[in-house]
Amino acid sequence: MAISRVVLANGAFPGPTIIGNKGDRFTINVTNGLDDPRMLQATSIHWHGILQNGTNWADGPAMVSQCPIVPNGSFVYDFTAHDQVGTYWYHSHYSTQYCDGLRGAFVIYDPDDPYINSYDVDDESTIITLADWIHIASPTPIGSNLSMSTLINGLGRTIQKEVTLNTAAPLAIINVEAGKRYRFRLIGLSCDAPFNFTIHDHTMMIIETDGQYTAPLVVDSLWVYAGQRYSVIVAAEKPVSNYWIRADPLGSRGFAGFDNGRNSAILRYRGAPKVEPTSNGISTRPLKEDNLRALFLDPVPGKHEKGGADIVVPIIQGWHPTQEVFDVNNTTFTSPSVPVLLQILNGTYHAKDLMPNGSVYTLKPRSSVELQIHGQSVGGPHPWHLHGHPFWVIKNADSKEYNWDNPPMRDTVPTGLDNDITIVRFFTDNSGPWFLH
């Protein structure tokens, strides 16, 4: 049985949960102890969804806002989350290194939570992380990064037939008590695969997407893409028993199915026997993303029509099978030799002069920006994440509907397949070089 090489924070997967309250300042010292020459040895950490307003240098993407942390080196990330609350995560932002395990949850609690009376429990026990587990260390060749396992809170079983010792590997147990209501924070720690998440015989009321409150929406299944987060309220009102929690990966990006308890965890009521569930679940109320609405009205900037922003940027994803590389607007991103932030601090201000050439776009401050992101079927649907800004989701990839009145806000969105288009808007009120990927 081969032993996988991994990169971990404090020796655990997921890494330790970072917890704070609204307005807190976070000072996090990252020390690089990597020494395996077969793996990526430098590192950096991105605090996914934290806007870093005024602290762009602490955002984390290597060669955009900082140099990577070298082996035996350390870097102190020091930032305040200001008014941000909700569910976030952190991960390596050096090449594909986070696929090797350097990822964890980050939660900021809200003393003024508008849903505080709608649930009874919201603590570390109600965080549910969803991750694919790839058995080949990064940097992984194209086509070899298919996940063999789904890990829920770090536990799961594999499809690999030659591995016989883990057929009874423990599954994550989410404990509940009959009569109580739970705020589960679902976090897509995935490297690649999106997951269809369900809890058998239970509905889920969505109240948050990516750190943004939503109007309550009841579903019984939802897709969670890499980088996305949801808060859902689940009432423990079923007979005392065990119920399957499923996180089924998209078939083209992982091994779907539940044989031997794969892609699964257990919801266990207090007093239930310690056995695996026998429940069966068929989704009849899946999330339709067009039905998501913001809880608080925050007007979309710009004219309420396609192309009505101050700045409109088409994003066309391309694939070159011979070279096995993707591109954006006919340019393949290549990490610069000097971080973009450092180039700016040294006096280079114009996009045409900044490296990497063709991958830097200049945006005017205090302006509305519309991204028109075209889908890509190869490896798709690809989720896109914007650093430094949340955005309004005006049009989802698989829809013809435009929502100008009360669209949800988030920072990560799937962009569909060929012939699909996703439209988002944001406002340039946070200066600095910000990654879009």
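This short talk walks through some strands and salt bridges of one structure.

Hi everyone, and thanks for coming. Please keep in mind that this is a predicted model.

Let's begin with a sheet. Six strands, in the order β19-β18-β20-β25-β22-β23, make up an open sheet with mixed pairing. Which strands stand at the edges? They are β19, residues 325-328, and β23, residues 409-410. Each has a single partner strand, so one side of each is left without a neighbour in the sheet. Further in, β20 (residues 368-374) and β25 (residues 421-427) are paired in the antiparallel sense, over 7 bridges. If you want a spot to click on, try Q372, which stands opposite I423 in β25.

Now please scroll back to strand β2, residues 25-31. As a reminder, in a regular strand the side chains alternate between the two faces of the sheet. How does that look in β2? F26, I28 and V30 point to one face and are buried, while R25, T27, N29 and T31 point to the other face and are not buried. The partner here is β4, residues 74-80: β2 and β4 pair in the antiparallel sense over 7 bridges. Within that pairing, N29 stands opposite V76 in β4.

On to the charged side chains. How many salt bridges does a search of the whole structure find? The search gives 20. Let me pick out a few.

One of them joins R270 and E177, with the closest N and O atoms 3.6 Å apart. This pair links distant parts of the chain, 93 residues apart: R270 sits in the loop between β17 and β18, and E177 in the loop between β9 and β10. R270 is exposed, at 62% relative accessible area, while E177 is partly exposed at 27%.

K288 is a nice one to select, as it takes part in a salt bridge with D290, at 3.0 Å between the closest N and O atoms, and also meets E401 in a salt bridge at 3.9 Å, N to O. E401 lies in the loop between β22 and β23, and K288 in the loop between β17 and β18, so this pair ties together parts that are 113 residues apart in sequence. As for exposure, K288 is partly exposed at 42% relative accessible area, E401 is partly exposed at 45%, and D290 counts as buried at 10%.

Finally, there is a network to display: D113, D122, R183, R185 and E208 are joined into one by salt bridges that share partners.

That's my tour, so over to you for questions.

Technical notes. Residues are numbered from 1 along each chain as its sequence is written. This is a predicted model: local features need pLDDT of at least 70, side-chain atom pairs count only at pLDDT 80 or more; totals for chains, interfaces and linings use all residues. Side-chain values use heavy atoms; hydrogens and water are left out. Two strands pair if DSSP finds at least two bridges between them. Helices (H or I, at least four residues) and strands (E, at least two) are DSSP runs, numbered from the N terminus. Buried means under 20% relative accessible area, exposed over 50%, partly exposed in between (1.4 Å probe, protein chains only). A salt bridge is a side-chain nitrogen of Lys or Arg within 4 Å of a carboxyl oxygen of Asp or Glu.
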